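I opened the model to look up helix packing. Notes follow.

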Amino acid sequence: MRVGVHINRFGGSGGGPALGAELAAAGAAAEAAGVSRLSVMDHYFQMEFNGGAEEPMLEAYTTLAFLAAHTSTVRLGALVTGVTYRHPGLLAKIATTLDVVSGGRAWLGIGAAWYDREHEGLGVPFPPVAERFERLEETLRICRKMWDPADNGPFEGRHYRLAETLCVPAPVSTPHPEILIGGGGERKTLRLVARYGDACNLFASSPEEVRHKLDVLRGHCDAENRDYATILKTLTHTGDAATEGDLDAFLADVTGYTGLGVDTVILAPRLGETSGWLERFVGPVVERLAELD
């Protein structure tokens, strides 16, 4: 198993003026520890479980561009972008720009969005869930089309219409930045993974639940004539053991997911300052998880 780290809090002892230095230190510590991917939240407001909307939240792609300038090997992406946050043509252009300036290290994490308060708060339309999934599928089609150098023609969908799908310069990643679709919805989300995704992201709820979700994904792959093995499987781990730096407890928990074909476990500590935690905890985790099959 490989290790990713998800930065989901931006409150530290130095406040806003110290955030840039802390993020740069976190990027350096992640690479020194051997972390394979580094992600941030894509939200307007902080989550309730992280202190609520009054707590700091940085804009995701500006933050990722900053991290790109302070790293050289770790892959970068949002976990995950809500489909309602940006027009899909603009989103494809933003992800492409991150990929270009990082030398081909970007991945596009995307989902159907869910946090109604931030939409209402900043005046961003938040359609019903069925429409959000329709928009998600069209957005996936648009991104794939914009990243196809042989097809710059129009896109006509129910919700989006693009006269041209130009994307110049093209992404550095080949054939395009990895599309990671977040969520474990069995009827819609995992079907979209099978149809459009390069990777999925599930919560490390329990080995039994994850096994079930992957079996559902395999069924969708069969229906779509998609090779299940070509989809990267990732897990987000939000347990207290990692946040508290309890290596033995964390490894005991994660060991239950071996044998499921999981490529990457993404740690999501609820810490405002992650650089020190990365130095103390994540290096040993990378070494130990590399030994698991």
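I checked the hand of the crossing of helix 1 and helix 2 and found it right-handed (the near helix is turned clockwise from the far one by less than a right angle; anticlockwise would be left-handed). The model is predicted, local features need pLDDT of at least 70, side-chain atom pairs count only at pLDDT 80 or more, and totals for chains, interfaces and linings use all residues. Residues are numbered from 1 along each chain as its sequence is written, and side-chain values use heavy atoms, without hydrogens and water.

I took helices as DSSP runs (H or I, at least four residues), numbered from the N terminus. Helix 1 spans residues 19-33 and helix 2 residues 60-69; their axes come within 9 Å and cross at roughly 55°. Axes are lines fitted to C-alpha atoms over the stretch in contact, with angles from 0 to 180 degrees between N-to-C directions. Helix 1 and helix 2 are therefore oblique to each other (not under 35 degrees, roughly parallel; over 145, roughly antiparallel; or 65 to 115, roughly perpendicular).

I listed the contact (heavy atoms within 4.5 Å). Helix 1 gives Gly20, Leu23, Ala24 and Gly27; helix 2 gives Thr63, Phe66 and Leu67. By class I get 4 nonpolar, 3 polar and no charged residues (Ala, Val, Leu, Ile, Met, Phe, Trp, Tyr, Cys and Pro are nonpolar; Asp, Glu, Lys and Arg charged; the others, Gly among them, polar).

Next I looked at helix 1 with helix 10 (residues 275-289): the angle is about 15°, the axes 9 Å apart. Helix 1 and helix 10 are therefore roughly parallel. Their crossing is right-handed.
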